[in-house]
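Colleague: I would like a close look at one helix and the charged contacts around it. Please carry on from there to the contact between the chains.

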Amino acid sequence: MSHREEYTMDNAEIDLARLRSAPITPKVRMQIPPQDMPAQDPSVRRNNMDEVALGYTPAQAMLEAERCLQCKNAPCIAGCPVRIDISGFIGKIKEGDFLGAGKIIKKTNLLPSICGRVCPQETQCQAPCTVGKALHGVEKAVQIGRLERFVADYERTHGAVEVPNVASPTGKKVAIVGGGPAGLTCAADVRREGHEVTIFEAFHKSGGVMVYGIPEFRLPKVLVQSEAEVLESMGVDFELNFLVGRTRPLLSLLREDGYDAAFIGTGAGLPKFMDIPGENFVGVFSANEYLTRANLLKAYMKGKAGTPIYPSRRVAVLGGGNVAMDSARMALRLGADEVRVLYRRTREEMPARAEEVGHAIEEGIIFDFLKSPTRVLGDDKGKVAALEVLSYELGEPDDSGRRRPVPVRGSEEIVPFDTVIVAIGNESNPLISQTTPELQVDRHGHIIVNERQKTSIDRVYAGGDIVLGSATVILAMGEGRLAAQAINEILQ
Amino acid sequence: MHGTHTIVYKHQLSEEVFRIDVEAPLVARERKAGQFVIVMYDENFSERIPLTIADADPVRGTVTLIFQTVGASTHRLALKNPGDSVVLLGPLGNPTHIERYGWAVCVGGGIGLAPLHPIAKALKEAGNRVTVISGARTKDLLIMQDELAAIADEHIVVTDDGSFGRKALVTEPLGELCGRSPPPDIIVTIGPPIMMKFCAETTRPFGIKTLASLNTIMIDGTGMCGGCRVSVGGKTKFVCVDGPEFDAHLVDWNGMLMRLGTYKEIEKEAHDRCHLEMQIESLEARDEGARAPEKEPAK
């Protein structure tokens, strides 16, 4: 115990004291190295479900904050989907006013402990950071995500989470369909104006992808729970195990149940499969199914959980996004001997957060880049036995600007696996559109909205993955926020 | 937070078959023949159990579920008593397409007789002549017989062991009916997958439209997990949002049976452990003498 205290107090506190013993010029700030976030040792954490990253100490946070140049134009803010006053909150961290920093973040982001952990900062706020640009590497940018996480955790562990003010009752009612990131954000913003808000959630827990998809080791469920509790304290009503469209039609909520507006944030839908032969063999799972079993239904608690999880030894994960990383690392923790991620392109093109890829590699996940399966081979019992894998090389850039993978003829090889987890994204969920014919959707089934998130139906708004396709928690929150503004205006 | 539902009535129909009525007014109002619900015995560690709806009473605001204790989860559910709460989500899946076909034959096996009842009833109400074939392994497992007999214009009962009705599999009378002139206009079959498969094979040569209601492995029941996927006519379909009813002649039965066995070994172990736990619990309950007497629901 004393060992760890010595470590954390010594390095960062001494560095901080030394730094502050003289005036800090921008040049000095640029010389402070980005502060690593302490994490569980890879050989230990691959055998447990506890959170991997441990978070900054106060001294580490202040030291990291000192790296910020407080640019006048604050390019980082433009990179944030919910426009957090980043230089403002970092300024407060420098002063040691962590709770003050929290107040600044909470003005525009109600869920900082979550965003600090799951946002792809390297493509958002940290991408345009002046420090990173000057040092020629986005990984050298000010570690805004880690600071946001620190502030949120500090606030929570010091019992200082404040319930936002709620205006006096307006008598108006708003239905939020889906209790994920988009819905929770929209609910909070609408509730603040004094409207009655009900969140209808199909699962037995609210949080959406944050509870069924993102694993405990990356986002502890107690955090999602405490964010939902803030909403409850604000007076938001949760109707769990309620599937709008089936338990009650969407339009009945508006026409018969007295709701004045509705927001649809139903999230990801039907998982995509590769459309290759053998995909229905036993042992092929969508990442949605695999992760939901493990996370929401706690299948990792063997003996306690009623939900079984497939016993895997050699696992292939198909895809290169965060969901693929989560699936691979979950499979490892559930006891697989070897987990390989097959990705058609290279590490450069992987959409996963850099930190997750790094963590996965540390834990022993093997990456097979420029590989993709052409069929699943089964044994005589219909169980997965192997994949036939084709190699690719990178050709000319495609529409997305990424170099297009081109198959290498005759490169097929048979690789033995007993489990295949498909993590290549989702189609849209057809349920709301099936049961609400008036609602306009595009040819992919995504709900069509205008720039204010309004759908083709009056007083009905939508946001998150049901509009965007497979996106991120923070983009969903951004849309929930936009929709809330529009809803608040029409209810004035 | 709201979302749990109270059991208001429980009745053991046979050694392995239980009926529970659960207070769920919205589900009772919205549900239609052919739909199902997902039930959990608790909010923390329960599996999500898809169960077809046997009946519903919109006035009382209850749905009736009939289930067989086939695994650990259904056993735990069977331990619940009136006054206890469960998680219930629904109604899920597409309702049965009901129209006036003419002569409809409804084939139910075992626990499948429960969800067959609302479908047979709806077909009857739509003006069809309805023949019901009830099948079970043995007499004790024949359920919903009074209800089905009340609807059916013709009711054929078979058991595997001949302990009641005719000693036969359901496919035997089904084949005979298909050979009548004129033949049935529509066949609906619900029961064990292997039974549905052979019903499909029985009716296929006659070219009579046959619907089967599939009960595959399922997690969310809302179109998110893909665990329920089944190949129908060479295309991957999701039972929860595309089904649960499909053209029985197009279903890849062997593929479906294979996928249903995914967790067989794990489930067997859990089931065995569960039997032990159940015995202990029922002994404890007996010693405490605390169990409230079961009451018939007010009609």
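Modeller: I will start at the helix, follow the salt bridges, and then cross to the second chain.

The model is predicted. The helix to look at is H17 of chain A, residues 354–363. Its buried residues are A:Glu356, A:Val357, A:His359, A:Ala360 and A:Glu363. Look down the axis of H17(A): these residues fall within an arc of 165°, so they line one face of the helix. That face has several partners in chain A. The buried residues pack against helix H3 (42–45), helix H8 (112–118), helix H16 (322–333) and strand E9 (366–369). After the helix comes A:Gly364. The phi of A:Gly364 is positive, near 105°.

Now the charges. Side chains of opposite charge can pair when their charged atoms come close. In H17, A:Glu355 forms a salt bridge with A:Arg146. The closest N and O atoms of this pair are 3.0 Å apart. The bridge links distant parts of the chain. A:Glu355 sits in helix H17, while A:Arg146 sits in helix H10 (residues 144–157), and 209 residues separate the two. The partners also differ in exposure. A:Glu355 is partly exposed, with a relative accessible area of 24%. A:Arg146 has a relative accessible area of 18%; the cut-off for buried is under 20%, so A:Arg146 counts as buried.

Another bridge lies within a single helix. A:Glu289 pairs with A:Arg293, with the closest N and O atoms 3.0 Å apart. Both residues belong to helix H15 (residues 287–294) of chain A. They are four residues apart, about one turn of the helix. A:Glu289 is buried, and A:Arg293 is buried too. Elsewhere, salt bridges that share partners build one network. Among its members are A:Arg146, A:Glu355, A:Glu356 and A:Glu363. The network also includes A:Arg45, A:Asp326, A:Arg329 and A:Arg333. Over all chains, the count comes to 45 salt bridges.

A:Arg248 takes us to the other chain. Within chain A, A:Arg248 forms a salt bridge with A:Glu256, the closest N and O atoms being 3.1 Å apart. A:Arg248 is buried at 5% relative accessibility. A:Glu256 is exposed at 58%. Across the interface, the side chain of A:Arg248 also meets that of B:Glu30 in a salt bridge, at 3.5 Å from N to O. The count between chain A and chain B is one salt bridge.

Polar contacts add to the picture. The interface has 14 residue pairs in polar contact, both residues at pLDDT 80 or more. Several elements of chain A give two or more residues to the side that touches chain B: strand E3 (237–239), strand E5 (268–271), strand E6 (284–286), H15 and helix H18 (431–435). The residues on that side divide into 25 nonpolar, 15 polar and 13 charged.

In all, 53 residues of chain A are in contact with 47 residues of chain B. The area buried between the two chains is about 4300 Å². Carbon and sulfur atoms give 57% of that area. A:Asn241, A:Arg246 and A:Asn280 supply 16% of the area that chain A buries against chain B, more than any other three residues.

A few backbone details are worth checking on screen. In chain A, A:Ala74 has a phi near 40°, a positive value in a residue other than glycine. A:Ala74 lies in the loop between helix H4 (58–66) and helix H5 (75–78), and it is buried at 9% relative accessibility. A:Arg459 also has a positive phi, near 70°. The place of A:Arg459 is the loop between H18 and strand E16 (460–462). A:Arg459 is partly exposed, with a relative accessible area of 34%.

Chain B has cis peptide bonds to look at. One runs from B:Ser181 to B:Pro182, with omega near 0°. B:Pro182 lies in the loop between helix H5 (171–179) and strand E11 (186–190) of chain B. Another runs from B:Gly243 to B:Pro244, with omega near 10°. B:Pro244 is in the loop between helix H7 (239–242) and strand E15 (245–247) of chain B.

Terms used: Residues numbered from 1 in each chain as written. Chains lettered and ligands numbered in written order. Heavy atoms only, no water. Buried < 20%, exposed > 50% of the residue type's maximum accessible area, 1.4 Å probe, protein only. Arc of directions from axis to C-beta. Contact = heavy atoms within 4.5 Å. Salt bridge = Lys/Arg side-chain N within 4 Å of Asp/Glu carboxyl O. Buried area = accessible area lost by both parts, 1.4 Å probe. Polar contact = N/O pair within 3.5 Å; in protein donor to acceptor, adjacent residues only side chain to side chain. Nonpolar A, V, L, I, M, F, W, Y, C, P; charged D, E, K, R; others polar.
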